[in-house]
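Trainee: Could you take one part of this model and walk me through it closely? I would like to follow the reasoning step by step.

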Amino acid sequence: MAIFHTFLTVGLIIFGLYIVQKSKMRSPEDVLEDIKGLDSNLKTNKNDSLSLNDEYLQYGLFSKSDKNFFLLTKKVLPIIFAIGFLLIQPLIMELELKNSIFLSILGISIGYIYSNHWAEKKKTKFISEIEYFIPVVMERLVMAVQAGKDVLGALFSITDKNSNDPVSKLLKTVLEFVKNGATLDKSLNEVALKIDSSALRHAFIHLAMAYKEGGELTAPLRELSDSTQSFYQESVEEQIAKLPGKATIPLMITFAGLIICFVTAPLLQVLDIAKGVKLP
């Protein structure tokens, strides 16, 4: 049975290395995806519509390397958990066939659940960063418009090479569509619909309307900047209000442990006395 355990562990390691090596190779699907993406970008000017099918944008993955690393991590995590469970098997149970199979399936299942949890946590963190940087970017946009630029020119000026926050990266994605022939308002609406953030959607849709309707831009953009700042402040206050509720269960467990520690010694003494007392 130990031989099967060794073969299973080595096989999972080899399979994991194969996945890592395969991820470095350019598959035919990647080439086809790039061709379709280029073709859709070239057709935006003719159809006057967008087709943004990048599902990884909501995780904050803008480059191809980041997407590949994200996919590789999700694939490898279940195998890593399975290998880890098999490595600790001699410490917790006997090296039997059923135990090895059970631990392998358990490790893969836990790894799969953890990989999904890790992906959702990454998505939540990205949305939190968006809500943090929206007021800053909107304020920079207002300053650029007050300097005499229109909305499009102001967007190009604030999304320079030094702008690495998530909102600026999303605006760079919008401007890439504009460079390929799409209108700014439709580009903003399309990108906003891909991100599960009400603050970003409100800001981008409001910005698209300001560009489409024209007129005086400083006042509506100032109002937009103030509203995004108020939204972020309210979200922070809401998180602070939830902290006492989150701390209730840990405090209950802590006090229960302290009470058990204080009561254990007297109870042991009472039990010792009760054992020494003879009934009449």
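**A close look at helix 8**

Mentor: Happy to! Let's begin with a pair of charged side chains: lysine 179 and glutamate 176 form a salt bridge, with their closest N and O atoms 3.9 Å apart. The cut-off for such a pair is 4 Å, and a search of the whole structure finds one salt bridge. Please keep in mind that this is a predicted model.

Where do the two partners sit? Both belong to helix 8, three residues apart, so about one helical turn separates lysine 179 from glutamate 176. In general, an α-helix has 3.6 residues a turn, so residues three or four places apart point the same way.

Next, how much of each partner is open to the surface? Lysine 179 counts as exposed because its relative accessibility is 55%, and the cut-off for exposed is over 50%. Glutamate 176, at 42%, counts as partly exposed.

The helix around this pair is another matter. Helix 8 is mostly covered, with ten of its 14 residues buried. The buried residues are Pro166, Val167, Ser168, Leu170, Leu171, Thr173, Val174, Leu175, Phe177 and Val178. Buried here means under 20% relative accessible area.

Now for a check on the geometry. Helix 8 runs over residues 166–179, and at 1.5 Å a residue its 14 residues should span 20 Å; the end C-alpha atoms are 20 Å apart, so the two values agree. If you want to repeat that sum, the expected span is 1.5 Å times one less than the number of residues.

The two ends deserve a look as well. At the start of helix 8, aspartate 165 brings a side-chain oxygen to within 3.3 Å of the backbone nitrogen of valine 167. Past the other end, helix 8 is followed by glycine 181, which has a positive phi, near 115°.

For a side-chain contact elsewhere, turn to serine 115 in helix 6 (residues 97–146). Serine 115 has a relative accessible area of 1%, so it is buried. Its side chain reaches the backbone oxygen of tyrosine 112 at 2.6 Å. Leaving aside neighbours within four places in sequence, serine 115 is in contact with Lys74 and Leu77.

To put the main part together: helix 8 has ten buried residues among its 14, and it also holds the salt-bridge partners lysine 179 and glutamate 176, about one helical turn apart. Of these partners, lysine 179 is exposed and glutamate 176 is partly exposed.

Note on methods. Residues are numbered from 1 along each chain as its sequence is written. This is a predicted model: local features need pLDDT of at least 70, side-chain atom pairs count only at pLDDT 80 or more; totals for chains, interfaces and linings use all residues. Side-chain values use heavy atoms; hydrogens and water are left out. Helices (H or I, at least four residues) and strands (E, at least two) are DSSP runs, numbered from the N terminus. Buried means under 20% relative accessible area, exposed over 50%, partly exposed in between (1.4 Å probe, protein chains only). A polar contact is a pair of N or O atoms within 3.5 Å; within protein, one must be able to donate a hydrogen and the other to accept it, and residues adjacent in sequence count only if both atoms are side-chain atoms. Contact means heavy atoms within 4.5 Å.
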